Amino acid sequence: MSQKKKFYITTPIYYPSASPHLGHAYCTTMCDVIVRGKRMRGFDAYFLTGTDEHGEKIQKNAEASGVTPQQFVDNIVNNKFVPLWKAMKISNDDFIRTTDERHVQTVQKIFSEFLKNDDIYLGEYKGWYCVHEESFWTDTQVDENHLCPECGRPLEQKGEPAYFFRCNKYVDFLTDFYDHNPNFITPVARKNEMVNNFIKPGLQDLCVSRTSFDWGIPVVEDKKHVVYVWLDALTNYISALGYLQSDDSKFQNYWNDEDAEIVHVIGADITRFHTIYWPMFLKALNLREPNRVFVHGLLMMKDGKMSKSKGNVISAYPLIERYGVDAVRYYMVSEVTFGQNGTFTPEQFVERLNQDLANNIGNLLNRSVSMIEKYYGGVIPAYEGEVTPLDAELKSAAEKAIVAYEALNDDLKVTEAYQEVMELVSKANKYIQDSEPWTLAKDESKKKELASCMYHLANVIYIAGMLLSPILVEKAPKIFDQLGIPEELRTYEAIKNFGNLSGLKVQKGEQLFPRLKAEEEIAYIAEMMAGPKEKAAA
Ligand code: MSP
């Protein structure tokens, strides 16, 4: 039996109502970096993303475009989402669409189960409804202007027969669950928001069906109704694994096992659904709960949230085309601490790439490879242990970085994990300055010191390259190529053994992280933002 630790990570399933922008790419990329880190470390990791395709808004958008809802979503999913994830080098194991037959069947079976167990009843819904957010709001949540508390758009009063999920049956379970699982919602401030804004004021039963539009999954028992979008959407996390389907082996492996770690990564706007209703649905199905719902921040523009109406939506494509996918991935991880809000500006984008990639890792690689070529004809000298105190200090920093990285990777502290690596790279640059290999080279009696210095540099770049490989999916292998690292040493386990690189032949290649001309590039990005161009699907 496999002893590998199991890890299941999901993004929200996005609405294919329009093309994905940099914000959607942000969430998916962060999950990708986490899961690649886990896979690299030997976990049995599974990564799911997908699209949330039902609902009134999609139906209206399709009508406005003169196509059926199915044609509408097929077009956006196949021509916008899937190619973007390919371009971003997203390594998802599956892509769930809520229009997939497998998903439809699971949702219908769950609805039937809830009806049978009296978790769902037929009632009458009256409330303030936001078409954009597809959410109803209660009187207490809406002020006198009747604007959506989430997006600020005008709300409509609506009343219609609808099925409801009995939330009150599960409130005690939920609060108890929160108490026993303090890390369930992170950052923790989000948990307090949920308790104070929704649970304490008294939770209303959740509307789980609609009759006023038909673009949704039909309720088998009452065909006038379609399943209301949140019960439909949240179910994706288990329907994709085969829950209540003939082959449920993935469900058994990644969900129905208390030892599997399950993480949902979401934006703050959908915390309520993932941390209140989703745990209740799972409890009603007698299923285990996820370990964590990690709420990340928003990537905003200078003038606020990215929105079509503001015309400040930026896509990842033009950035990838000009700077390469690794640059965009690196920017996302490093610029905004995962969990906090951040602002995209052309200045910071360019500055970040120049500071960290060109000046720090790029510079270290270039200098080190050049010196190994100059002093040793390109052959990494044999590892003879730590010859100087500076060698010992650098090696110890590298070992500590690996340990810290693992703990941070486990705690989903993605940004901090990579800061740790970049600090190691800075230390290696400083080590060059302090060791002064150019002085050692002039002194016959310092041959041992020089060889050791070259060795330690190569080994630290090797370690940093491996730890950065979940982000730098294209450049990390090229770093290894320049160091002459053979395939069998390109593993995470191998970097833990300091001293593997004696005698390898380095090979200077292309400049991997060229310095950007700041003014030119800032102007280029600003122009691109003024008139966002979008690449048609290849
Ligand atoms: N379909 C629902 C989610 C259902 S999950 C069972 C939905 N879709 S969405 O397309 O509107 O947004 C989904 C997610 O996209 C957000 O939760 C967030 O993770 C991400 N982002 C959307 N805009 C974003 C930014 N500007 N910045 C960062 N992430 C953003 O809600």
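So, the second largest cavity: about 30 Å³ of space lies in there. Before I go on, please keep in mind that this is a predicted model. When the whole structure is searched, two cavities of 30 Å³ or more turn up, and I'd like to stay with the second largest for a moment.

Who lines that second largest cavity? On the list we have V33 and I34, then L408 and N409, and finally K413, V414, A417 and Y418. If you sort the lining by character, you get six nonpolar residues, one polar and one charged. Three helices each put at least two residues into this lining: α1, spanning 22–40, α14, spanning 389–410, and α15, spanning 414–435. And which helix gives the most to the lining? That is α15, with three residues.

Let's move along to a pair of helices. As a reminder, two packed helices are described by the angle between their axes and the distance between the axes. Our pair is α6, residues 188–199, and α10, residues 271–284. Their axes come within 11 Å and cross at roughly 75°. An angle from 65 to 115 degrees counts as roughly perpendicular, and α6 and α10 are therefore roughly perpendicular to each other. If you'd like to find the contact on your screen, look on the α6 side for R190, M194, F198 and I199. Across from them, α10 brings T271, R272, T275 and I276. Taken together, the residues of this contact divide into four nonpolar, two polar and two charged.

Now let's zoom out to the domains. The domain assignment of the chain gives us domain 1, covering 6–296, and domain 2, covering 345–496. How many Å separate their centres? Taken over C-alpha atoms, the centres of domain 1 and domain 2 are 43 Å apart. The two domains do touch: 14 residues of domain 1 are in contact with 17 residues of domain 2.

One last stop, and it's a single residue, S307. Where is S307 found? Look in the loop between β13, which is 299–300, and α11, which is 317–323. If we leave aside neighbours within four places in sequence, S307 is in contact with N312 and V313. You can also use C148 as a landmark here: S307 and C148 are 159 residues apart along the chain, and their C-alpha atoms are separated by 16 Å.

That's my tour, friends. Thanks for listening, and I'm happy to pull up any of these views again.

Note on methods. Residues are numbered from 1 along each chain as its sequence is written. This is a predicted model: local features need pLDDT of at least 70, side-chain atom pairs count only at pLDDT 80 or more; totals for chains, interfaces and linings use all residues. Side-chain values use heavy atoms; hydrogens and water are left out. On a 1 Å grid over the protein atoms alone, a cavity is a set of points where a 1.4 Å probe fits but cannot get out, and a pocket is an open set with protein on both sides within 12 Å along at least five of seven lines; lining residues have an atom within 4 Å of a point. Grid points are joined across faces, edges and corners, and a volume is the space filled by probe spheres set on the points. Helices (H or I, at least four residues) and strands (E, at least two) are DSSP runs, numbered from the N terminus. Ala, Val, Leu, Ile, Met, Phe, Trp, Tyr, Cys and Pro count as nonpolar, Asp, Glu, Lys and Arg as charged, and the others, Gly among them, as polar. Axes are lines fitted to C-alpha atoms, for helices over the stretch in contact, and angles run from 0 to 180 degrees between N-to-C directions. Angles under 35 degrees count as roughly parallel, over 145 as roughly antiparallel, 65 to 115 as roughly perpendicular and the rest as oblique. Contact means heavy atoms within 4.5 Å. Domain bounds come from an automatic or database domain assignment.
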